Amino acid sequence: MVMEEGGRMVVLFFFIITITCILVNGDTDPNDTAAIRTLFQGLNSASQLGWPANGNGDDPCGQSWKGVTCSGNRVTEIKLSNLALTGTLPYGLQPLTSLTNLDMSNNNLGGTIPYQLPQNLLRLNLANNNFTGPIPYSISDMTSLTDLNLGHNQLQQGLSVDFEKLSTLSTLDVSFNALTGDLPQTLSSLSGVNSMYLQNNQFTGTIDVLANLPLKNLNVENNHFTGWIPEPLKNINLQTGGNAWSSGPAPPPPPGTPPAPKSNQHHKSGGGSNSHSSSGSDSSDGGKKKSGIGGGAIAGILISIIVIGAIVAFFLVKKRKSKKSSSDVEKLGNQSFDTLPSNEVHEVKLQTSSVIDVKSFDTSASVNFKPTSASINLKPPPVDRHKSFDEDEFSKKPVIVKKTVTAPANVKSYSIADLQIATGSFSVDHLVGEGSFGRVYRAQFDDGQVLAVKKIDSSVLPSDLSEDFTELVSNISHLQHPNVTELVGYCSEYGQHLLVYEFHKNGSLHDLLHLSDEFSKPLIWNTRVKIALGTARALEYLHEVCSPSVVHKNIKSANILLDAELNPHISDSGLASYIPNADQVLNHNIGSGYDAPEVALSGQYTLKSDVYCFGVVMLELLSGRKPFDSSRPRAEQSLVRWATPQLHDIDALAKMVDPALKGLYPVKSLSRFADVVALCVQPEPEFRPPMSEVVQALVRLVQRANMSKRTFGTDQGGTPRGSDDPILRDM
């Protein structure tokens with residue numbers, strides 16, 4: 001009996017230990033649980049997942065939730081492909097620090113890809129969805145990533161990822177999107193990549209940056225690539241159709257490319273790995289290589305002889321004028337080095353050096369310069385074949401001294417070092433948003449001041465346009481209005497262009513309307529009217545006070561920032577007006593729900609297209625809906641199309657009001673607000689009112705309430721009076 005009882009005790013002991021282990025293992029990390037719950041809500045609480053709703057049994061690991069894999073109490077994989085999921089991929093997934101595989105492919109997810117994804121992912125697969133907007137730059141910080149698949153979506157703008165940080169990436173797929181621009185130079189850093197799929201986008205430029213990658217599979221079909229196909233890529237599984245490849249002898253490899261053996265950098269036929277003729281994926285010789293000197297080589301030699309002969313003939317004709325030219329250059333050299341300020345000497349030396357480089361092809365020509373303390377390199381670099389040997393060009397080059405544009409005194413000049421310290425080296429922890437022109441970081445300075453730093457993408461404003469940037473800073477600094485975000489400073493160093501703005505602690509209107517969690521206080525009706533009026537006043541200032549008028553071109557709720565009192569401030573004011581080719585950048589946002597009909601057709605922005613965008617923002621304030629929401633039924637995805645027919649129907653209007661208001665709004669105020677919206681979003685631009693009339697209409701809306709001794713509620717989102725209260729009823 002004693003033995004039997006002892007055996008039972010042992011069995012009971014092991015049973016308790018086993019149950020304890022199961023409970024411990026099933027007790028999911030609270031941060032992971034919260035992130036999984038956020039994901040569930042973003043996916044419209046999809047019933048097909050079978051996850052418990054309303055927070056009942058929040059234990060993804062212990063309860064083996066569908067598609068969730070754990071190790072211990074941490075979530076390591078989320079695989080939810082092919083489940084017909086709708087909604088968006090929400091913010092708030094960053095706490096999943098043990099997550100290595102996120103697969104949401106082959107669903108119907110929409111919206112933008114959030115910029116705060118788990119940083120330790122090895123595999124990210126968001127293919128075959130309806131994601132829009134840019135590829136978030138924060139993917140650059142996923143340094144362990146081996147597989148990235150964003151194919152078959154509606155992603156736009158350039159491939160703005162720093163691939164230098166992604167040395168472990170093996171497969172990259174961004175095919176079948178609407179990506180634009182040249183391929184980033186950092187792609188050349190992908191030392192471990194073997195497959196790359198870039199087909200069916202709108203990429204431009206050459207693919208030279210891919211020449212030396214260890215690729216086995218490359219598809220660049222159906223883009224706008226030009227130039228020559230690099231020779232090393234012809235030995236892999238390569239698909240290149242549907243581009244505008246060049247034919248004939250290829251130029252030398254780009255600067256910085258290691259020269260291939262037996263190449264002559266000064267030879268006119270252009271040696272190197274790219275010297276073979278290529279006309280795309282379908283070559284005339286069927287890919288066969290010939291021994292000896294081929295027709296292409298002979299043609300190259302003949303071209304070289306002709307070009308060199310032309311150069312010699314040119315300088316023989318010029319020889320009679322050599323004395324005069326030499327004395328002119330000497331005079332310029334004396335004047336430049338002796339009289340120009342020290343900060344301009346370097347530029348003139350470079351220009352003078354370019355004259356020496358060209359004349360060095362004529363061994364009989366000599367140029368005398370006044371000796372200077374700085375040495376001048378007389379060794380000629382390779383000839384730039386895109387330059388013409390034109391006499392006017394030679395005579396003009398030495399006398400070009402660019403006009404210096406000085407930044408205004410009312411903004412501060414910051415150094416890159418200052419901004420790096422304040423933003424944690426522009427870390428993802430300081431990233432607060434991404435827009436059409438670049439990313440915005442929160443900057444905390446030693447004196448306690450908090451500012452917002454906008455880092456303009458090099459694809460939008462290249463490093464060689466520093467003077468344009470200084471002029472841009474000067475123009476934006478003159479925009480002064482209580483509802484326009486103030487420019488505080490700027491930075492232009494090492495080819496980087498950054499703008500420093502005042503920081504608004506309550507973020508953007510977009511976040512407050514569309515990303516608020518259950519703990520956030522919703523915007524009350526009075527505050528929504530105040531935000532609309534303040535935004536309208538800012539646009540009135542830009543359109544009708546500024547001379548010349550400033551077309552904002554990018555009015556949206558994400559560009560309306562809110563201060564501590566929830567006063568609106570329009571950001572990016574003037575930016576699109578002064579950046580070259582800004583219209584082309586912004587046209588990639590067409591389809592976002594903000595674009596006026598005429599912009600979608602012509603790509604041209606006007607004052608009236610700003611009015612339309614403002615009307616869309618008012619609709620957001622009224623309904624709480626996004627301008628375009630792919631997760632809704634097709635008839636309701638476009639906010640303007642869905643809402644416009646209902647704006648003059650009081651019963652329908654009551655049904656489309658933001659549910660977060662819980663019916664606490666004055667009916668007459670709502671109706672008048674809707675009337676203003678209807679005027680602004682008219683399809684014909686000539687029928688839309690100027691912003692001064694919009695301001696007057698919104699002011700009258702407020703004054704009617706004040707004349708009846710009605711008052712606004714608190715601006716902090718506090719509880720308003722009930723709809724049966726006479727103070728709200730007839731506002």
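Here is a quick tour of a predicted model, from its confidence to a recorded site, two helices and some backbone oddities.

**Confidence**

The protein chain has a mean pLDDT of 76, with 69% of its residues at 70 or more. Two stretches stay under 50. Residues 260-295 are one of them, and the model gives that stretch 61 contacts beyond four places in sequence. Residues 320-403 are also under 50 throughout, with 69 contacts beyond four places in sequence.

**The recorded site**

An unreviewed UniProt entry lists K455 under "binding site". You'll find K455 in strand β18, which runs over residues 450-456. Is K455 buried or exposed? With a relative accessible area of 17%, K455 counts as buried, because the cut-off for that is under 20%. Leaving out residues up to four places away in sequence, K455 touches F426, F437, G438, R439 and Y441, plus Q496, H497 and L498.

F426, one of those contacts of K455, has a quirk of its own. Its phi is near 55°, a positive value in a residue that isn't glycine. F426 sits in the loop between α7 (416-422) and β16 (431-434), and it is buried too, at a relative accessible area of 12%.

**Two helices**

Do the helix lengths add up? Here's what 1.5 Å a residue predicts, next to the distance between the end C-alpha atoms.

| Helix | Residues | Expected span | End C-alpha distance |
|---|---|---|---|
| α10 | 525-545 (21 residues) | 30 Å | 29 Å |
| α17 | 667-680 (14 residues) | 20 Å | 20 Å |

The two values agree for α10, and they agree for α17 as well. The expected figure uses one less than the number of residues, so a 1.5 Å step is counted for each gap along the helix.

As for burial, α10 is mostly covered, with 16 of its 21 residues buried. In α17 the buried residues are S669, L670, F673, A674, V676, V677, A678 and C680. An α-helix has 3.6 residues a turn, so residues three or four places apart point the same way. S669 and F673 are among the buried residues of α17, and so is V677.

**Backbone oddities**

Past α10, in the loop that leads to β21 (560-562), comes P548. A cis peptide bond joins S547 to P548, with omega at about 0°.

Where else is there a positive phi? N106 has one near 55°, and N106 is not a glycine. N106 lies in the loop between β3 (101-103) and β4 (123-125). N106 is partly exposed, with a relative accessible area of 34%, whereas F426 is buried.

Definitions and conventions: Residues are numbered from 1 along each chain as its sequence is written. This is a predicted model: local features need pLDDT of at least 70, side-chain atom pairs count only at pLDDT 80 or more; totals for chains, interfaces and linings use all residues. Side-chain values use heavy atoms; hydrogens and water are left out. Helices (H or I, at least four residues) and strands (E, at least two) are DSSP runs, numbered from the N terminus. Buried means under 20% relative accessible area, exposed over 50%, partly exposed in between (1.4 Å probe, protein chains only). pLDDT is the predictor's confidence in each residue, from 0 to 100. Contact means heavy atoms within 4.5 Å. UniProt positions are given in the numbering used here, feature names are shortened, and annotations may be inferred rather than shown by experiment.
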